[in-house]
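Please look at the chain shown here before reading on, and keep it in view while you read.

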Amino acid sequence: MAYTIHAHTRPPSRVALSGVGQVAQRARPTLPGLLASLSLRRPSRRADMSDIPGRGLVGLVGLVARAAGSGSDSEDSSGKRSSSGVSSGVRLEDVSVTFKNHQVLKNASWEVKKGERAGLVGVNGAGKTTQLQVVTGALLPDSGEVIRARQQMKIALLHQEFDVEPSRTVREELMSAFSDQLDIMKRQEAVQKGLEECGDDMDKMGKLLDELNELTSKAVDLDVNLLDKKVDIVMGEIGLNPETDSDRLVASYSGGWQMRLCLGKILLQEPDLLLLDEPTNHLDLDAINWLESYLKEQDLPIVIVSHDRAFLDALCTKIIETERGVTQTFKGNYTEYVAQKKEQVAQQWTAWEKQEKELDRQREIVRRLSAGANSGRASTAEKAIEKMKAEGTFVEKPFVPRKRNFTFPSAERMGRVAATIEGLTHGYNGRTLFENASLEIEKGERVAIIGPNGAGKSTLLRLIMGREEAAEGQVEMGEHGIVPNYFEQNQAEALDPEKNAIETLQHAAPDAKLNDIKALLGKMMFNGAAMEKKAKVLSGGEKARLAMAKFMLTQGTLLVLDEPTNHLDLPTKETLEEAIEAFEGSVIAVSHDRFFLKRIANRFVTIENGQLVDYEDLEMLMKKNKGEKRKMEGLEQKQKESQKSTMKAKSKMSKAEKLALKKDKAKSFNTSAAGTKGKGAKRK
């Protein structure tokens with residue numbers, strides 16, 4: 001069964017063509033007349049992408065079309081919908097997949113339709129990514145069907161790593177989604193140039209005209225003349241200004257804005273189904289909030305794989321759980337799924353216990369009466385046991401995930417002050433991150449450091465750890481019993497690829513006993529042969545758990561964590577949260593995971609205008625950010641209106657009028673600056 005990659009789609013907002021140029025018959029006319037009759041225009045310079053390296057879809061967007069005639073499509077070759085099809089989206093029916101004698105999926109069945117946003121959840125290795133691969137066609141199941149709403153269905157996949165070309169401009173990056181259209185435009189220019197140079201060679205002219213006619217027909221079908229308009233529309237949808245942002249380099253944007261560009265490229269393809277694979281990794285809170293709001297406005301079917309519980313809560317209309325290869329669908333978001341699952345498990349325990357009591361009673365009858373005059377009753381009991389064990393009626397014992405309890409070493413012997421920052425001024429390449437900032441962290445405080453990407457969160461942690469030296473001011477650990485334990489961002493990638501799990505922990509803690517190391521690895525789901533696997537062959541989730549085990553084995557009274565939850569599955573996150581809550585020392589954490597921060601932190605500090613500002617809780621901070629956003633949007637709108645009203649007449653102003661306008665602008669700027677001025681880190 002073949003699958004092809006398509007890079008041409010319709011725009012998000014369909015724009016109708018007013019007409020199609022007519023092609024005149026070829027009866028030895030003059031070359032200018034021929035070109036005029038074709039009603040051809042040179043493509044706009046803006047849309048010419050011939051000099052852009054690596055045109056077309058780049059890793060980020062995989063538009064996967066089902067092969068024509070595939071039996072699992074829900075439309076036949078005539079376009080009619082089959083009786084077993086789905087009205088929109090996709091459905092998995094009894095899909096099973098086995099890798100190396102290990103069954104990853106067992107009769108997995110679920111569906112996502114237009115207007116639905118389904119969250120795929122399960123522990124690392126449960127088969128979530130496998131299901132995405134089955135949906136896109138990258139992996140063929142051993143059995144079962146993938147039923148799509150129609151043939152040539154376009155499926156877009158947004159990865160956690162946003163694949164963009166930094167050297168392109170914003171418009172060039174968005175235009176790269178139109179690889180087929182751009183190839184046609186490039187060929188049209190080459191053919192037109194050939195016509196201009198063919199002279200009196202009418203045979204060559206005829207072939208070129210035939211090709212040009214065919215290219216023109218394709219260009220009309222693919223709306224080539226509307227590419228710029230489509231890009232303008234999408235730029236507005238993702239929060240960019242076509243007039244001011246088109247020529248900016250992609251490299252000048254943060255990760256959150258590059259994510260928007262990736263989404264824009266997907267929207268230009270107008271997919272029938274959108275798959276999101278850990279989209280919130282590496283995004284700051286503002287970018288995640290924007291992504292949530294934007295996805296809520298889309299009505300196409302969406303499937304989300306994420307370990308961000310707050311993200312799943314905000315978006316999902318259903319949760320698809322994968323447990324031991326079996327899928328089950330729950331209505332509602334993640335929190336509602338957890339409540340339903342808890343109730344379901346409680347009911348299953350009750351039914352299973354009742355069943356076991358009845359089985360014990362029947363077995364006792366068989367044991368006592370299998371011989372003698374009452375053997376008939378024993379035979380009846382045996383039939384009752386067989387009936388209870390029959391498929392479809394037998395109640396399985398509820399699955400109890402292995403509890404991964406662990407705790408950090410005791411931190412009783414430490415002073416009152418864990419870390420102190422006084423008059424910190426620091427930055428890079430002329431950009432100031434901190435200006436006369438101050439902060440004090442005491443024993444028992446669990447501080448969440450919050451701010452947009454690039455604000456200096458990781459820099460602050462490195463300054464506290466002594467990995468960098470402050471340009472001005474002091475950043476010091478407490479004097480009494482402060483032993484830092486540092487979990488760096490992307491620490492999983494820093495593992496020695498040639499060391500196995502046991503060797504990794506032995507190298508980190510040479511004095512640790514082998515039995516203690518194996519016990520800790522067991523808690524992190526490394527059992528038996530898995531402990532002997534080298535880091536280079538571990539999955540992303542396994543590397544994350546091994547890095548966390550390495551961190552857990554290290555003594556410390558001050559935990560410093562930089563994005564510790566990246567790549568951790570939900571059970572491991574919950575275990576880490578419990579351990580941090582029970583830790584008696586101090587904690588400084590940077591994370592984009594709101595659920596994690598709400599649970600572990602008792603103090604929230606943001607980086608605002610170079611200052612470290614305290615907030616009572618995360619909700620208060622989020623509300624404040626929304627208010628600031630609305631305020632700034634209002635100021636921007638007023639400034640735009642003011643510019644529009646004065647732009648035309650400015651050249652005719654007198655010197656006095658221009659001076660008055662300049663004063664008004666200065667006054668407006670000072671007012672807005674005073675309203676957003678940062679505060680010192682004072683406890684509230």
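The report below goes through two sheets, some helices that lie beside them, and three single residues.

## The sheet of six strands

This is a predicted model, and one place to begin is an open sheet of 6 strands, whose order is β7-β8-β9-β5-β10-β11 and whose pairing is mixed. The strands at the edges are β7, residues 155–158, and β11, residues 326–331, each of which pairs on one side only. On average, and with direction ignored, neighbouring strands of this sheet are turned by 20° against each other.

Inside this order, strand β8 (residues 273–277) pairs with strand β9 (residues 302–305) in the parallel sense, and 4 bridges join the two. To find this pairing in the structure, one can look for Leu275, whose bridge partner in β9 is Val303.

## Helix α11 and its neighbours

Helix α11 lies across three strands, namely β5 (117–121), β10 (318–323) and β11, and runs at about 115° to β11. One residue of α11 is Lys341, and it is worth asking whether Lys341 is buried or exposed. Its relative accessible area is 14%, and because buried means under 20%, Lys341 is buried. If neighbours within four places in sequence are left aside, the residues in contact with Lys341 are Glu321, Glu323, Gln328 and Phe330.

Two packed helices are described by the angle between their axes and the distance between the axes. For helix α11 (residues 334–369) and helix α12 (residues 375–389), the axes come within 8 Å and cross at roughly 150°. Since an angle over 145 degrees counts as roughly antiparallel, α11 and α12 are therefore roughly antiparallel to each other. The crossing in which α11 passes α12 is left-handed.

On the α11 side, the residues that meet α12 are Gln355, Glu358, Leu359, Gln362, Arg363, Ile365, Val366 and Leu369. On the α12 side, the residues that take part are Ser375, Arg377, Ala378, Ala381, Glu382, Ala384, Ile385, Met388 and Lys389. When the residues of this contact between α11 and α12 are sorted by kind, 9 are nonpolar, 3 are polar and 5 are charged.

## The sheet of three strands

A further open sheet has 3 strands in the order β13-β12-β15, and its pairing is antiparallel. The edge strands are β13 (431–442) and β15 (472–477), each pairing on one side only, and the twist from one strand to the next averages 15°.

Strand β12, which covers residues 417–428, pairs with β15 in the antiparallel sense over 5 bridges. In this pairing, the bridge partner of Thr425 in β15 is Glu472. Helix α13 (residues 457–465) lies across β12, β13 and β15, and its direction is at about 125° to β12.

## Two residues with positive phi

Which backbone angle is positive in Asp94, although Asp94 is not a glycine? The angle is phi, with a value of about 55°. Asp94 has its place in strand β3, which covers residues 90–99, and at 44% relative accessibility Asp94 counts as partly exposed.

Lys100 is a residue other than glycine with a positive phi, here near 50°. Where does Lys100 lie? Lys100 belongs to the loop between β3 and β4 (102–112), and because exposed means over 50% relative accessible area, Lys100, with a relative accessible area of 86%, is exposed.

Conventions
Residues numbered from 1 in each chain as written. Predicted model: local features only at pLDDT ≥ 70, side-chain atom pairs only at ≥ 80, totals over all residues. Heavy atoms only, no water. Axes fitted to C-alpha atoms, helices over the stretch in contact; angles between N-to-C directions. Parallel < 35°, antiparallel > 145°, perpendicular 65-115°, else oblique. Left-handed = near helix turned anticlockwise from the far one by under 90°. Contact = heavy atoms within 4.5 Å. Nonpolar A, V, L, I, M, F, W, Y, C, P; charged D, E, K, R; others polar. Pairing = 2+ DSSP bridges. Buried < 20%, exposed > 50% of the residue type's maximum accessible area, 1.4 Å probe, protein only.
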